[in-house]
Amino acid sequence: MFHRFLVLSLVLMYCNMTEAQKIPTIYEEENVPKYTLPDPLIAEDGTPIKTAKQWINQRRPEILKIFEEQVYGRAPEFKGEIQFKVLEEDKNALGGKAIRKQVKVQLTNKADGPSMELLIYSPKNAKGPVPTFLTLNFYGNHTIHTDPAIHLSESWVRNNSAKGTKDNRATEKSRGASAERWPVERILERGFAIVAIYYGDIDPDFDDDFQNGVHPHYLSEGQKKPGPDQWGSISAWAWGLSRAMDYLEKDSLVDPNRVAVMGHSRLGKTSIWAGAQDTRFKVTICNNSGCGGAALNRRRFGESVRRINTSFPHWFCDNYVQYNDNEGDLAVDQHMLVSLIAPRAILICSAEEDRWADPKGEFLSAFHADSVYRLLGVEGIAAKEMPGLDQPVMSPIGYKIRPGKHNVLASDWEVYMDFANKHFTK
Ligand code: GCU
């Protein structure tokens, strides 16, 4: 039964993709439509926001609510204590460089409900709790490193022979398949811990009307699927990051006041939405996050709102579809998502050849969030124009663009770590 449903979902996904390909893509600046951005410092009733207090009490909640109800969908409040079980711990992992822990964290209050597995590597020689990167990955924790002790994920995974997955399951061949993106030893050497979670533990990434993952566990009585203003998959993944944070607050390896949430691509969209909602994340890093992440919607450059809603109907809430080719009617744009993170630090990262994600639109979101940071008494972005390649701007709103494609490189991590070191306060 599940198998038939899955096949149907994948056929639907294929049809959505073909449908999406018919939508024209803007790749030239001269074809970007004229647009006016909503001002983060003018409230919906027209009141100018002039003080930090007005921002905190009036405008920030207003903007957050619009993103919740019109874009990503509101996630349920998690009630109760987070339940977890340490499945494995090795104080001498990676040839003596690391402490490794694998922890099962429940996503409901029921022991037989869905759970996610956290893989934690922490530097062995640390004198106390350390700054930490919290990250989601695409193919399972066992893909981030060849360490044979990492549990092979048993969750549904996308088929991809390059990643060693078959029949939507991980195989031994998938071990270390994404290791290039995760310089674990280097992260440890620089004194950070890294926490990895497979995003499919929280919600498998295909459109099945929210019958699997966490969604069905939070429906109200008689409800069959989330309502038009309730959580899509990105919201669920972001919510999962907050549940991971609930756990990390209890783990003595981690300094909960120095947790950076980092993600790439759709998981970059997720990290920025997580950082916007959960103020426990002191640093947010979104890599090549594009449409629905850092890029401005109104530019329609590369991937547009219509295109993303057609290809990935489960990522956002159903209300978001109203803004297909109609971005101007949405009371927010993505610079206001960045503004929700103020005064905490965010690093927005682009790649020159990743035009699908609109590097310029990613920079402009950073740029237009500046006024909110300044109102809150911190420097916003220390750049008036888009910086050149490999010239990272390291102010509280940080921005960097490097040559090359849509990807995460070891060299990107060096900048993430420099940025985190600069903005974490002890
Ligand atoms: C597609 C999608 C992007 C997304 C990317 C990814 O390219 O259109 O929005 O960021 O997949 O997550 O890999």
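This is a short tour of one protein model, from the whole chain down to single residues.

**Stop 1: the whole protein**

Keep in mind that the model is predicted. Show everything as a cartoon. You should find ten helices and eleven strands. The radius of gyration is 21 Å, close to the 22 Å that the globule rule gives for 426 residues, so the protein is as compact as a globular protein of that length. Turn the view around. Along its principal axes, the C-alpha trace spans about 55 × 50 × 45 Å.

Now switch on the surface. Its accessible area comes to about 17,700 Å². Carbon and sulfur atoms make up 51% of that area. Of the 426 residues, 59% count as buried.

Next, think about contacts. Take those with a separation of 6 or more: 69% of them join residues 24 or more positions apart.

Colour the charged side chains. There are 52 positive and 55 negative ones. The centres of the two sets lie 3 Å apart.

**Stop 2: strand 1 and Asp90**

Select residues 84-93. This is strand 1, and Asp90 lies in it. Is Asp90 buried or partly exposed? It has 25% relative accessibility, so it counts as partly exposed; the buried class ends at 20%.

Show the side chain of Asp90. It reaches the backbone nitrogen of Asn92 at 2.8 Å. Then add Ala98, Ile99 and Arg100. Asp90 touches these three, leaving aside residues up to four places away in sequence.

Try a distance too. Pick the C-alpha atoms of Asp90 and Met116. They are 19 Å apart in space, and the two residues are 26 apart in sequence.

**Stop 3: helix 8**

Select residues 359-368. Seven of the ten residues of this helix are buried, so helix 8 is largely enclosed by the rest of the structure. Which residues of helix 8 are buried? They are Pro359, Gly361, Glu362, Phe363, Leu364, Ser365 and Ala366.

What do they pack against? Show these elements one by one:

- helix 7 (334-341)
- strand 10 (345-351)
- helix 9 (370-375)
- strand 11 (397-402)

**Stop 4: Ser365**

Stay in helix 8 and zoom in on Ser365. Its relative accessibility is 0%, so Ser365 counts as buried. Now show what Ser365 touches, again leaving aside residues up to four places away in sequence. Select Ala294, Ala295 and Leu296, which are among its contacts. Then add Gln334, His335 and Val338, which Ser365 touches as well.

Terms used:
Residues are numbered from 1 along each chain as its sequence is written. This is a predicted model: local features need pLDDT of at least 70, side-chain atom pairs count only at pLDDT 80 or more; totals for chains, interfaces and linings use all residues. Side-chain values use heavy atoms; hydrogens and water are left out. Buried means under 20% relative accessible area, exposed over 50%, partly exposed in between (1.4 Å probe, protein chains only). Helices (H or I, at least four residues) and strands (E, at least two) are DSSP runs, numbered from the N terminus. Contact means heavy atoms within 4.5 Å. The radius of gyration is taken over C-alpha atoms; the globule rule is 2.2 Å times the number of residues to the power 0.38. Accessible areas come from the Shrake-Rupley method with a 1.4 Å probe; for residues, only the protein chains shown count as cover. Lys and Arg count as positive and Asp and Glu as negative; His and the chain ends are not counted. The place of a charge is taken as NZ of Lys, CZ of Arg, CG of Asp or CD of Glu. A polar contact is a pair of N or O atoms within 3.5 Å; within protein, one must be able to donate a hydrogen and the other to accept it, and residues adjacent in sequence count only if both atoms are side-chain atoms.
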